[in-house]
Amino acid sequence: DRVASASTDMSSDDAEMFEDGPEGGEQCAFFACALNAKTPFELPRMPGYVLLLKQAALAKPLKGSVRVTIVCDSNPELTLCSLGTANEQSALGVTLSVSNRAEMRLRGAPAAEVHVVGLWIQREDLATDEQMLRQLYEDEDSEDGEEDNDDDDEGTE
């Protein structure tokens, strides 16, 4: 299927879907893939978008455990999470840009299958750290300003 394809570049069908942004001009789209221990999964890349990996979950109960790992660019293999009987799913927080070449692997039980989900988000829609902090503090200042006025009234009595 298109979702589980190991292609690093989007197919023509995928490219059509994302020509003006994800379906209907949306600025984000769902991503999913299935990992198995036999074959590494090369994460696809899409110009103008970043891929946010959000969650990994066992496809079916498993005796033992498996590790979801990632190799990105020339960096060493890193473990993203370990899954097993007591921990069937795990949150992920991985952001990959179009310049990253990344491959996910499943280490452990050979019969295991793990589903990984995430989002494609247009790069322009991601706020920088500075923008996020500015917005956070502006919102906090407007709320604090109201509270400070109340505090000032109490202090004058």
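**Exercise 1. Find which strand strand 3 joins through nine bridges, and how the two run.**

Start with strand 3, residues 49-58, in this predicted model. Nine bridges link it to strand 8, residues 113-122, and the two run antiparallel. For a checkpoint along that pairing, look at A56, which sits opposite V116 of strand 8.

Now try strand 6, residues 89-96: six bridges join it to strand 3, again antiparallel. Here L52 faces T95.

**Exercise 2. Work out which strand gives the most residues to the largest nonpolar core.**

First, the core itself: it has 30 residues, and L35, L43, L53, V66, V68, V114 and V116 touch the most other members. Next, list the elements that supply two or more residues: strands 1, 3, 4, 5, 6, 7 and 8. Strand 3 comes out on top with five residues. Strand 3 is also mostly covered, with eight of its 10 residues buried.

Then pick V68 and skip its neighbours within four places in sequence: its contacts include L35, A56, L80, M104 and V114.

**Exercise 3. Classify the one aromatic pair: stacked, tilted or edge-to-face?**

Step one: the count gives one pair, made by F31 and W120. Step two: the ring centres are 6.0 Å apart and the planes meet at 85°. Step three: planes over 60 degrees apart count as edge-to-face, so that's what F31 and W120 are.

Step four: F31 belongs to strand 1 and W120 to strand 8, so the pair ties together parts 89 residues apart in sequence. Last, check burial, where the cut-off is under 20%: F31 is buried at 5% relative accessibility, and W120 is buried at 4%.

Conventions:
Residues numbered from 1 in each chain as written. Predicted model: local features only at pLDDT ≥ 70, side-chain atom pairs only at ≥ 80, totals over all residues. Heavy atoms only, no water. Buried < 20%, exposed > 50% of the residue type's maximum accessible area, 1.4 Å probe, protein only. Helix = DSSP H or I, 4+ residues; strand = E, 2+ residues; numbered from the N terminus. Pairing = 2+ DSSP bridges. Core = buried A, V, L, I, M, F, W, Y, C linked by side-chain atoms within 4.5 Å. Contact = heavy atoms within 4.5 Å. Phe/Tyr/Trp six-rings, centres within 6.5 Å; stacked < 30°, edge-to-face > 60°.
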